[in-house]
Amino acid sequence: MISNVFNTLHLRYRASGVSAVFSPRKPRHPLLRVAFGLLGLALLAVLLVFGVVIGAAMLTAGLAMRLLRRRGQPVSARERRGALDGEFRIVDKPLLR
């Protein structure tokens, strides 16, 4: 029942002129097809290069901000980050009885 409803709606959509707006057709001329294919590849390459450049700029800006933030701190504050000082003692394991 429901599949019939969806099938009739799909057929009505295909029969109307609206479906042609959302599904453009390929040109029939072979040279025009090749030209559109090359244009699509060029657009893809431009977007890829643009994304790589933006990513590299973001990484460079992040590293520069980290280096500049660390620049004003004294050397002892930088070294203290990695080590944790404290007193400790070894406690024996309790014997199971």
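## Surface and burial

The protein exposes about 10100 Å², and carbon and sulfur atoms supply 68% of that area. Buried residues make up 2% of the 97 residues in this predicted model.

## Secondary structure and confidence

The protein has 4 helices and 0 strands. Read from the N terminus, its elements follow the order α-α-α-α.

Mean pLDDT for the protein is 81, with 82% of residues at 70 or more. Among the elements, α3 has the highest mean pLDDT, 94, and helix α4 (residues 75–80) the lowest, 58. Where pLDDT is low, the predicted coordinates should not be read in detail.

## Helix α3

Helix α3 covers residues 30–71, which is 42 residues. From the first C-alpha of α3 to its last the distance is 61 Å, close to the 62 Å expected at 1.5 Å a residue.

How many of the 42 residues of α3 are buried? The number is 0, so α3 lies largely in the open. The helix with the highest mean pLDDT among the elements therefore has 0 buried residues.

## Nonpolar patch and helix α2

Tyr 13, Val 18, Val 21 and Phe 22 make a nonpolar surface patch of about 430 Å². Which helix gives the most to the nonpolar patch? Helix α2, residues 18–22, does so with 3 residues.

Val 18, one of the patch residues, lies in helix α2. The relative accessible area of Val 18 is 42%, so Val 18 counts as partly exposed; the cut-offs are under 20% for buried and over 50% for exposed.

Technical notes:
Residues are numbered from 1 along each chain as its sequence is written. This is a predicted model: local features need pLDDT of at least 70, side-chain atom pairs count only at pLDDT 80 or more; totals for chains, interfaces and linings use all residues. Side-chain values use heavy atoms; hydrogens and water are left out. Helices (H or I, at least four residues) and strands (E, at least two) are DSSP runs, numbered from the N terminus. The expected span of a helix is 1.5 Å times one less than its number of residues. Buried means under 20% relative accessible area, exposed over 50%, partly exposed in between (1.4 Å probe, protein chains only). Patches are made of residues with over 30% relative accessible area and no salt bridge: like charges are joined within 9 Å, nonpolar side chains (Val, Leu, Ile, Met, Phe, Trp, Tyr) within 5 Å. Accessible areas come from the Shrake-Rupley method with a 1.4 Å probe; for residues, only the protein chains shown count as cover. A salt bridge is a side-chain nitrogen of Lys or Arg within 4 Å of a carboxyl oxygen of Asp or Glu. pLDDT is the predictor's confidence in each residue, from 0 to 100.
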